[in-house]
Amino acid sequence: MSREQVSVAFTPSRVNVDKYLERLMNIGKLGTGFTSTIEESEISDLVAECLQSFQRQPMMIECSPPITIVGDIHGQFGDVMRIFNNVGFPPDVNYLFLGDYIDRGQFSIETILLLMCIKMKYAENFILLRGNHETRLINRIYGFYDDLNKRFGTPRLYEDFTKMFEMMPLTGLVGKRILCMHGGLSADLVNAPKLDILNTFARPLHDPPNPSLAIDILWADPDINTKGFKANIRGCSCTFGPDVVAQTCDKFGLDLIVRAHQVVQDGYEFFANRRLVTLFSAPHYCGQFDNAAAVMQVNPNMVCSFKILRPEFPGRAAPSHQKSATTILLPPTIT
């Protein structure tokens with residue numbers, strides 16, 4: 001799927017991905033506790049090989065439809081499985097994930113390892129972009145570091161994961177017309193002569209400075225009350241207005257910007273006359289919100305639709321008018 005390949009040394013595999021997947025898929029069954037079935041050294045080997053897989057791909061991955069785009073997951077392992085059960089498992093379905101696989105949820109380690117295993121098995125069909133939680137600044141605070149230390153009693157794996165995250169691609173381009181990232185747009189992108197600026201980041205990409213193009217890709221937010229760019233109340237990166245979305249799409253021949261990074265009630269939310277959409281794919285986020293999740297499906301003709309996964313509460317039936325998973329087809333404005 002990628003447009004170009006980066007030349008890197010490749011060492012023979014020491015990882016049996018199928019065995020990993022078998023153990024990860026059995027999590028929750030009696031006697032299958034995660035730390036009792038997978039050793040630290042095994043995880044370290046997997047991380048090292050997945051790092052190489054990311055390094056062989058460009059920073060902006062060009063891919064073709066059909067493909068399903070997934071927003072924030074945040075350690076909600078069961079909901080990742082729910083997405084696969086409702087949409088389809090790789091390699092029957094191509095996936096592009098927009099980052100934030102870890103932190104906040106209870107199963108960050110299981111979630112990232114599952115996605116890494118699938119990435120290793122189907123590298124060209126399964127794309128993982130970097131989110132702002134795949135940076136040391138954030139995941140050192142919001143759970144991932146503590147999860148690894150509690151389970152394995154050492155920060156060694158945290159350092160391994162950090163090196164891998166620093167190799168992850170930042171953006172995806174579907175059918176040359178749908179630009180995908182975790183956060184949002186940047187003045188550096190708007191002012192660039194070509195979209196290829198998104199391929200110019202050097203690896204490893206450590207936590208990006210603020211301001212910078214990379215920090216905006218990971219952190220920026222759309223804001224209806226902003227014209228151009230303004231400082232972000234998050235204290236990092238910027239907000240951007242509908243005018244920036246229109247300018248970016250027109251300049252680079254894009255139909256749609258797809259990003260994640262914010263909880264939205266229905267799992268997806270449009271902005272700027274449907275030229276940008278926010279996706280969030282963790283239903284009942286943190287166990288505190290009643291939000292639905294959504295993924296966006298792009299068919300071979302570049303027609304986009306949303307599959308909505310509504311929150312499921314144990315012991316409580318969903319309202320009769322709500323299905324746990326529904327599909328919403330967009331009007332033919334994205335063609």
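1. Is arginine 82 buried or exposed? In this predicted model, arginine 82 is buried, its relative accessible area being 10%. This arginine forms a salt bridge with glutamate 312, and the closest N and O atoms of the two are 3.5 Å apart. Because arginine 82 belongs to helix H4 (residues 77-87) while glutamate 312 sits in the loop between strand S14 (304-309) and strand S15 (325-329), the pair ties together parts that are 230 residues apart in sequence. Glutamate 312, for its part, is partly exposed, with a relative accessible area of 48%.

2. A second salt bridge joins glutamate 62 to lysine 176, with 3.1 Å between the closest N and O atoms. Glutamate 62 is part of strand S1 (residues 60-63) and lysine 176 of the loop between strand S5 (171-174) and strand S6 (178-181), so that parts 114 residues apart in sequence are tied together by the pair. The two partners fall into opposite classes of accessibility: glutamate 62 counts as buried at 12% relative accessibility, since the cut-off for that class is under 20%, whereas lysine 176 is exposed, with a relative accessible area of 57%.

3. Glutamate 42 and arginine 23 form another salt bridge, the closest N and O atoms being 3.1 Å apart. Here both residues lie in helices, glutamate 42 in helix H3 (residues 40-55) and arginine 23 in helix H1 (residues 17-25), and the pair therefore ties together parts that are 19 residues apart in sequence. Glutamate 42 is partly exposed, with a relative accessible area of 23%, and arginine 23 likewise counts as partly exposed, at 24% relative accessibility.

4. The pairs described above belong to a wider set, for a search of the whole structure finds 11 salt bridges. Salt bridges also link Asp221, Arg234 and Arg259 in a network.

5. As to the chain as a whole, the secondary structure comes to 11 helices and 15 strands. Of the contacts in the protein chain with a separation of 6 or more, 70% are between residues 24 or more positions apart, and the salt bridge between arginine 82 and glutamate 312 ties together parts that are 230 residues apart in sequence.

6. Finally, buried residues make up 56% of the 335 residues in the protein chain, and arginine 82 and glutamate 62 are both buried. The chain exposes about 14200 Å², of which carbon and sulfur atoms supply 51%.

Methods: Residues numbered from 1 in each chain as written. Predicted model: local features only at pLDDT ≥ 70, side-chain atom pairs only at ≥ 80, totals over all residues. Heavy atoms only, no water. Helix = DSSP H or I, 4+ residues; strand = E, 2+ residues; numbered from the N terminus. Buried < 20%, exposed > 50% of the residue type's maximum accessible area, 1.4 Å probe, protein only. Contact = heavy atoms within 4.5 Å. Areas by Shrake-Rupley, 256 points an atom, 1.4 Å probe, with all protein chains shown as cover. Salt bridge = Lys/Arg side-chain N within 4 Å of Asp/Glu carboxyl O.
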